[in-house]
Amino acid sequence: MQKELMPTISPNTDSAENPVRFTGIRLGPPKVVAAGIPAVVSSMRHILEEMNAFRGMKALLELNQKDGFDCPGCAWPDPDDERSGVAEYCENGAKAIAEEATTKKLTPEFFAQHSIADLGLLTDYEIGKKGRIAQPMYLAPEATHYTPISWEDAYGLMAKHLRQLSLPDEAIFYTSGRTSNEAAFLYQLLVREYGTNNLPDCSNMCHESSGVALGEALGIGKGSVTLEDIHEAEVIIILGQNPGTNHPRMLTALQKAKANGATIISVNPLPETGLLNFLNPQTVKGILQIKTQLTDIFLQVKINGDMALLKALSILLLQEEERNPGTVFDKAFIADNTAGYEQYIAHLKTQQLSQLIQDTGIAPELIAETAGVLFHKKKIVACWAMGLTQHKNAVDTIREVVNLLLLKGSIGKPGAGTCPVRGHSNVQGDRTMGIFERPSAAFLEKIRSVYGFQPPMKHGHDVVNAIHAMHRGEAKVFIAMGGNFLSATPDTVYTAQALRNCDLTVHISTKLNRSHIVHGKEALILPALGRSDKDIQQNEQQFVTCENSMGVVQMSKGNLQPISALMKSEPVIVCELAAALFGKASTVPWQSYALHYDHIRDAIEKVIPGFDDYNKRVRHPGGFYLPNGAREGRFNTSIGKAQFNVAEVLRTPLAIDEYMMMTIRSHDQFNTTIYGLDDRYRGVYHERRVIFMHPGDIAAAGFHPGDVVNLHNYHGQTERVAYGFIIVSYSIPEKCTATYFPETNVLVPVDSVADKSNTPTSKLVIIKIKSSNVKK
């Protein structure tokens with residue numbers, strides 16, 4: 001049996017012997033309105049818990065401003081023109097700044113007082129609240145405590161381990177979506193000069209399915225819309241996304257679209273407060289508690305019932321088109337710009353509409369109403385997030401979204417298109433910069449022509465394959481540029497053992513996290529500057545750049561004094577490591593790149609298309625848009641046209657005692673960063689170890705709300721167990737359940753992945769629920 005890596009137990013034991021520690025759950029009714037004054041109060045409380053009011057306001061006043069710094073949270077775009085001079089951020093953006101700009105710091109005395117075993121007893125929330133890493137720290141073989149190390153010695157240790165490897169492919173270089181364009185470009189350049197394409201990143205775990213699907217269908221692995229398209233849309237379909245928690249500034253864009261007459265259709269297994277009603281705290285109406293109803297039609301779909309829903313809608317559109325030819329489908333667009341239409345229509349005619357509707361769990365009349373909204377509309381935007389991307393059939397489901405848009409001619413036109421809403425603030429930019437384990441031959445040739453060395457052509461490891469390689473002992477050095485790899489990845493116990501098998505693990509981080517505690521035989525923690533920190537090189541303040549969800553590249557310049565002089569910027573860390581690793585043998589001018597970041601951007605301009613006059617254009621307030629073929633009506637696929645896709649619905653048979661489980665975020669977290677223990681929109685307070693269940697399922701299984709249960713997964717003949725979860729009765733389809741990650745990542749099998757994208761299937765895990773002897 002594979003046992004849970006308990007948050008309250010030393011990660012070196014993997015034992016379920018010790019009791020689960022509950023924090024005192026309190027339940028209330030789910031909120032019916034998002035944001036408003038409570039969001040403002042929550043924001044200020046988090047800021048003042050981490051720093052004084054002056055430092056907090058200084059940070060917030062420049063957050064997401066044109067001359068300020070990008071939020072380290074989500075990648076939702078800023079307005080191109082008018083921005084609020086007071087608060088161009090959301091509640092969770094303020095929480096992200098509170099976490100990053102905290103004045104709490106971890107000195108050598110802290111690490112001397114706390115052993116690895118002691119730190120392992122803390123929850124992820126408690127670990128994250130300790131403060132910023134203030135100096136490089138080193139864990140020697142068999143040591144129980146981290147001790148200080150100089151930067152020079154840290155680089156020397158990394159270079160020594162990398163040189164000792166038999167092959168460059170024995171090293172793994174992970175990247176978080178927080179990394180800037182400049183740092184990401186340098187990082188991939190170092191890795192390729194070293195000789196490997198082992199560049200897994202957080203995209204592999206979240207939106208890889210979007211990139212694959214959109215690349216196949218439209219010729220570009222990014223969304224096609226701008227913020228103005230959201231505002232102009234006639235219909236906005238939001239699938240598998242909870243913007244009220246994960247991308248709260250999106251609510252303002254939806255409010256604007258509603259004011260312009262848009263119909264909003266929300267598709268999700270859970271009713272999410274942020275998609276129901278919105279109080280904008282920056283407007284008079286919001287202050288006066290006058291709410292905006294956002295969702296017009298809520299489709300409470302079963303977990304992974306999205307493809308069946310999309311096919312059902314397309315069939316209803318087809319039936320209406322056949323009744324009234326030329327009034328529903330955009331035949332001219334289809335003829336001029338697409339391929340595979342006839343095959344797709346033939347496929348639709350083989351489908352049983354009644355079965356598809358049954359697969360969704362949605363009332364037939366509600367699906368018919370939704371189709372009626374779409375009949376005569378062309379300005380349609382489809383938005384989605386991990387509710388679509390983390391399934392076995394994720395790529396085909398996203399291509400089904402594209403199919404629907406192609407039928408309507410709703411791509412490459414104002415007010416219409418695809419909108420995959422990225423999670424982390426520069427995850428899209430990192431991929432643009434070359435953080436990819438499967439780079440194109442053209443990209444590698446460009447590196448060769450600019451720098452004079454031959455990059456490796458062999459594809460590298462993504463996240464899942466990197467975990468397997470470390471677990472087998474084939475990868476021996478793991479270096480992470482940001483992130484919390486262990487808490488973000490699936491199959492926690494398996495991944496923990498993979499990290500422990502390494503000779504060296506290195507984490508370039510701003511704050512302490514679980515991955516620093518589950519380590520290789522030797523380990524380093526290297527303290528990096530955050531987005532809000534001033535970055536001074538050669539007596540001149542530097543700035544970095546990021547790319548948001550809609551392809552805008554803009555500058556980010558911190559304005560706070562770093563709380564430690566021993567922190568370094570990520571670009572400088574990469575350059576100094578390269579100097580230690582390659583010495584004078586390198587053909588890359590690493591020292592020049594460390595002295596001034598304009599030199600890095602000049603290099604990016606030479607290597608990556610779309611960055612002409614980079615240094616000049618990015619200094620323009622608001623930055624610039626990258627080229628986007630799909631947005632411009634050009635489809636750079638292998639045949640030069642957008643492609644319809646034919647795929648069957650994937651059905652998941654369940655035994656009588658089995659349930660589908662999806663992992664979700666609470667309102668008090670962003671990715672693996674836990675801001676607090678409340679999920680006020682869902683009415684859950686002071687607790688994270690909960691499982692949301694349909695009331696009928698609770699009764700049928702002989703349970704009661706409030707019971708404590710263990711969750712079991714048996715994929716691949718391995719039993720995985722997550723201990724001690726409190727049942728919460730909730731509005732969710734029958735046989736569907738939801739839990740917070742990372743607490744239940746232990747149940748996500750590392751080898752249950754999406755076809756083509758290899759993304760872990762965190763949104764559909766088959767579980768059994770059994771009584772626990774743990775007491776609340």
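In this predicted model, Phe173 touches a series of residues that lie more than four places away in sequence, namely Leu162, Tyr187, Leu190, Val191, Tyr194, Thr196, Asn198, Leu199, Pro200 and Ile479. Phe173 also belongs to the largest nonpolar core, which has 64 residues, and it stands there with Phe185, Tyr451, Trp590 and Tyr593 as one of the residues that touch the most other members. Apart from this core lies another, made up of 59 residues, including Leu388, Leu404, Phe635 and Ala642.

A strand that is covered on both faces comes next. Strand β32, which spans residues 736–740, is mostly covered, since five of its five residues are buried. On one side of β32 these are Cys736, Ala738 and Tyr740, while Thr737 and Thr739 are the buried residues on the other side. Two strands that pair with β32 are set out below.

| Strand paired with β32 | Sense | Bridges | A bridge pair |
|---|---|---|---|
| β25 (residues 658–664) | parallel | five bridges | Ile664 with Tyr740 |
| β29 (residues 690–693) | antiparallel | three bridges | Phe692 with Ala738 |

Tyr740, the bridge partner of Ile664, and Ala738, the bridge partner of Phe692, are both among the buried residues on one side of β32.

Helix α2, which covers residues 53–62, shows how burial can be arranged on a helix: its buried residues are Arg55, Gly56, Ala59 and Leu60. Seen down the axis of α2, these buried residues fall within an arc of 125 degrees, and therefore they line one face of the helix. An α-helix has 3.6 residues a turn, so residues three or four places apart point the same way. At the start of α2, a side-chain oxygen of Asn52 reaches to within 3.2 Å of the backbone nitrogen of Phe54, and after the helix comes Asn64, whose phi is positive, near 65 degrees.

The cysteines remain to be described. How many disulfides does the structure hold? The structure holds zero disulfides, and Cys206, for instance, is in none, the nearest cysteine sulfur being that of Cys202, 5.2 Å away. A pair of cysteine sulfur atoms counts as a disulfide within 2.5 Å, a cut-off that the 5.2 Å between the sulfurs of Cys206 and Cys202 does not meet. Cys206 is buried, with a relative accessible area of 13%, and Cys546 is likewise buried, with a relative accessible area of 0%.

How values were computed:
Residues numbered from 1 in each chain as written. Predicted model: local features only at pLDDT ≥ 70, side-chain atom pairs only at ≥ 80, totals over all residues. Heavy atoms only, no water. Buried < 20%, exposed > 50% of the residue type's maximum accessible area, 1.4 Å probe, protein only. Helix = DSSP H or I, 4+ residues; strand = E, 2+ residues; numbered from the N terminus. Arc of directions from axis to C-beta. Polar contact = N/O pair within 3.5 Å; in protein donor to acceptor, adjacent residues only side chain to side chain. Pairing = 2+ DSSP bridges. Core = buried A, V, L, I, M, F, W, Y, C linked by side-chain atoms within 4.5 Å. Contact = heavy atoms within 4.5 Å.
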